[in-house]
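Dear colleague,

Please find below the structure I promised to pass on, followed by some notes on what I found in it.

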Amino acid sequence: MKTGLLIVDMQESIVRQKMDQKAIDHACEYINHVANVLRSNDHVVVHIQDVEGMEGAEPEQYQVISEIDVDGEDITITKESSNAFWQTNLEQTLKDLGVELLIVSGFAAEECVLFTYNGAMERGFRPVMLQNGVLSTYSDAVTSAYRDRNVISYPVVDYLIGSRMS
């Protein structure tokens with residue numbers, strides 16, 4: 001089964017203004033680990049960038065933060081709404097690549113991550129949230145998202161994908 005990692009809205013103008021560095025570093029450690037496991041086993045990594053209201057903004061403002069590893073083979077999808085599937089080519093891109101299991105990570109648990117998770121489910125994918133790979137400015141939002149949704153940890157990703165990276 002082909003697996004994809006969605007890294008939602010981990011952008012300079014979004015994350016830097018709202019999260020402290022310790023939280024960013026913590027989440028990025030998990031996101032980068034899973035991304036590297038997937039890349040090294042020919043799976044898919046997708047960076048979702050929110051461009052809503054960014055007309056005229058400097059390109060650096062909507063770039064992925066430097067703490068997230070970006071590979072030349074990664075896919076980038078831009079969106080203008082909370083659900084990364086809404087009015088984008090994300091669904092078709094994933095289907096063309098044969099992706100069935102989607103690991104959702106990024107910012108913000110109560111909005112874009114949750115709405116993208118729900119959008120994946122509605123379109124027939126099997127979504128899971130990456131444990132320790134989701135951020136929010138609300139302390140209870142991540143806990144709530146994990147409680148009410150399917151969650152996957154990085155050791156399980158290592159096992160499922162067949163890699164024993166440390």
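**Cysteines, a central strand pairing and one helix**

The sulfur of Cys112 lies 16 Å from the closest cysteine sulfur, that of Cys28, which is too far for a bond. With a disulfide taken as a pair of cysteine sulfur atoms within 2.5 Å, the count comes to zero. Both cysteines are nonetheless buried (under 20% relative accessible area with a 1.4 Å probe, protein chains only; exposed is over 50%, partly exposed in between), Cys28 at 2% and Cys112 at 8%.

Please bear in mind that this is a predicted model, in which local features need pLDDT of at least 70 and side-chain atom pairs count only at pLDDT 80 or more, while totals for chains, interfaces and linings use all residues. Residues are numbered from 1 along each chain as its sequence is written, and side-chain values use heavy atoms, with hydrogens and water left out.

Helices (H or I, at least four residues) and strands (E, at least two) are DSSP runs, numbered from the N terminus. Strand β1 (residues 2-8) has six of its seven residues buried, and pairing, which requires at least two DSSP bridges between two strands, joins β1 in the parallel sense to β4 (residues 99-107) over seven bridges and to β2 (residues 44-50) over five. Leu5 has Ile103 as its bridge partner in β4 and stands opposite Val45 in β2.

In helix α5 (residues 139-148), the buried residues are Ala141, Val142, Ala145 and Tyr146. These fall within an arc of 125° seen down the axis (taken from the directions from the helix axis to the C-beta atoms), so they line one face of the helix. They pack against β5 (126-135) and β6 (151-152), contact meaning heavy atoms within 4.5 Å, whereas the face turned away carries the exposed Ser139, Asp140, Thr143 and Arg147.

With best regards
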